[in-house]
Amino acid sequence: MAETASDSSRILAEARASLQRQQAGGRRVGGKSIGRRSAELKRLHMLRKAARMAFAVMGILFAALVTGLVIDGIGFTGIVVTFLAIVAALTLLGTFPRMKVPELGMLNRGDVRSMVARTELWLEAQRPALPAPAVNLIDQIGVQLDGLGVQLEGVDPAEPAVAEVRKLVGEHLPGMVESYRRIPANLRREQRDGRTADQQLADGLGKISAEIDAVTRQLAAGDLDALAVRGRFLDYKYGDGLEQAAPQLTAPKTES
C-alpha cells in the first residue's frame with residue numbers, strides 16, 4: 001500500500017512538472033498534427049486527393065482533345081469551357097472528400113501503427129473543446145504516442161501487457177476526453193469533491209502521460225516481465241473497475 005501511494009505521488013509530481021514545462025513554452029502545434037502518425041494519415045489523404053485531381057485534369061484534357069479531333073477544333077468557346085471544367089474539378093476535388101475523424105469505438109482496432117494514428121487524429125479533433133492545460137498535455141501525449149507506437153511494433157501482440165497498453169491508449173485516454181466533452185460547458189468550472197471538471201481532466205491526462213512515458217521506457221528496455229507485473233496499473237491510478245469501463249469525469253450535481 002505504501003509503495004502504491006509512493007508510486008502515485010511520483011506520477012502526479014511528474015505530471016505537474018510536465019504541465020509546467022508545457023506552460024513555460026512547450027510544444028504548441030495549433031492546428032497542426034500532434035504526432036507523426038496522424039500527420040502520416042493526413043499526407044496519405046492529401047496524396048489521394050492530388051491523384052484524383054490529376055486524373056480529373058487529364059480526363060478533361062483528353063475529352064477536349066478527342067472532341068477537337070472529331071469536330072475539327074473546339075474553338076475559343078471550347079477552350080473556355082475546358083478551362084472552367086478544370087477549375088471546377090480542382091475546386092471540388094480539392095475540397096471533398098474531407099478527412100473524417102475516426103469514431104471513438106474504432107480507435108483500438110487494427111495494428112499498432114493504425115491505432116496510434118487514429119487516436120492522435122481523434123485527439124486533434126477534440127483540442128478546440130478542451131481547456132488550455134489539457135491542450136498542452138494532449139500535444140505532449142501526441143509526441144509520446146509516437147514513441148510508444150515504435151516500441152509496441154517490436155513486441156508480440158499476444159503479450160498480455162500489450163493488450164493493457166492498447167487499452168490505455170485506444171480506450172481509456174480517449175474515453176476520459178470524451179467524458180469531459182459530455183459535461184455541459186456551464187458546469188465544467190464548478191467544483192465537485194474539491195475539483196472542477198477542467199482540473200479533473202488535466203490531472204487525469206497528466207497521469208496518463210506519465211504512465212505512457214513509464215511504459216515506453218520499460219518496452220525500450222525489453223522488460224516485458226516488469227511491465228506485466230504492473231498489470232493493474234490502470235486500476236490503482238484511476239480507481240476500481242477501469243478494466244471494464246473508460247475513466248469518467250464527473251460534473252457537479254445541479255439543484256432540482
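Let me start with how the helices get their names. Helices are DSSP runs of H or I, at least four residues long, and they are numbered from the N terminus. With that, we can place Ala 185: this residue sits in the loop between α6 and α7. One caution before going on. This is a predicted model.

Staying with Ala 185 for a moment: is this residue buried or exposed? Exposed means over 50% relative accessible area. Ala 185 has 61% relative accessibility, so it counts as exposed. What about its distance to Ala 197? In sequence, Ala 185 and Ala 197 are twelve residues apart. In space, their C-alpha atoms are 9.7 Å apart.

Now the whole chain. The protein chain has nine helices and zero strands. Read from the N terminus, the order is α-α-α-α-α-α-α-α-α. The chain has 256 residues, and 43% of them are buried. Its exposed area is about 14,100 Å². Carbon and sulfur atoms supply 59% of that area. Then the contacts. Take those in the protein chain with a separation of 6 or more: 76% of them join residues 24 or more positions apart.

Next, helix α3, residues 75–95. How does its length compare with what we should expect? It has 21 residues, and at 1.5 Å a residue they should span 30 Å. The end C-alpha atoms are 30 Å apart, so the two values agree. Which residues of α3 are buried? They are Gly 78, Thr 82, Ile 86 and Ala 89. These residues cover an arc of only 80 degrees around the axis, so they lie on the same side of α3. Their cover includes α2, residues 36–71. Now turn the helix around. The face away from the buried side carries the exposed residues Phe 76, Thr 77, Val 81, Phe 83, Leu 84 and Leu 92.

Compare that with α4. At 1.5 Å a residue, its 15 residues should span 21 Å. Its end C-alpha atoms are 21 Å apart, which agrees. This helix is mostly covered, with twelve of its 15 residues buried. Charged side chains are on that list: Arg 118, Glu 120 and Glu 124 are among the buried residues of α4. So what do the buried residues of α4 pack against? They pack against α2, α5 and α6.

That brings us to the cores. The largest nonpolar core has 35 residues. Which members touch the most others? Leu 123, Leu 130, Leu 145, Leu 148 and Leu 205 do. Four elements give two or more residues to this core: α4, α5, α6 and α7, with α7 running over 197–220. Look at Leu 148. Leaving out residues up to four places away in sequence, Leu 148 touches Val 165, Val 169, Ile 212, Val 215, Thr 216 and Leu 219. Another core, of five residues, lies apart from the largest one. Its members include Ala 56, Val 57, Ile 60 and Ile 86. We have met Ile 86 already, as a buried residue of α3.

Last topic: charge pairs. Side chains of opposite charge can pair when their charged atoms come close. How many salt bridges does the structure hold? Eleven. One of them joins the side chains of Arg 127 and Asp 139, at 3.0 Å from N to O. The pair links distant parts of the chain, twelve residues apart. Arg 127 is in the loop between α4 and α5, and Asp 139 is in helix α5. Why do both count as buried? Because buried means under 20% relative accessible area. Arg 127 has 12%, and Asp 139 has 0%.

A second pair is Lys 167 with Glu 164, at 3.8 Å from N to O. Both lie in helix α6, three residues apart, about one turn of the helix. Lys 167 is buried, at 17% relative accessible area. A third pair is Arg 182 with Glu 178, where the closest N and O atoms are 3.9 Å apart. Glu 178 counts as buried, at 16% relative accessibility.

And one network to finish. Salt bridges link Arg 37, Glu 40, Arg 113 and Glu 153.

Technical notes
Residues numbered from 1 in each chain as written. Predicted model: local features only at pLDDT ≥ 70, side-chain atom pairs only at ≥ 80, totals over all residues. Heavy atoms only, no water. Buried < 20%, exposed > 50% of the residue type's maximum accessible area, 1.4 Å probe, protein only. Contact = heavy atoms within 4.5 Å. Areas by Shrake-Rupley, 256 points an atom, 1.4 Å probe, with all protein chains shown as cover. Salt bridge = Lys/Arg side-chain N within 4 Å of Asp/Glu carboxyl O. Expected span 1.5 Å × (residues − 1). Arc of directions from axis to C-beta. Core = buried A, V, L, I, M, F, W, Y, C linked by side-chain atoms within 4.5 Å.
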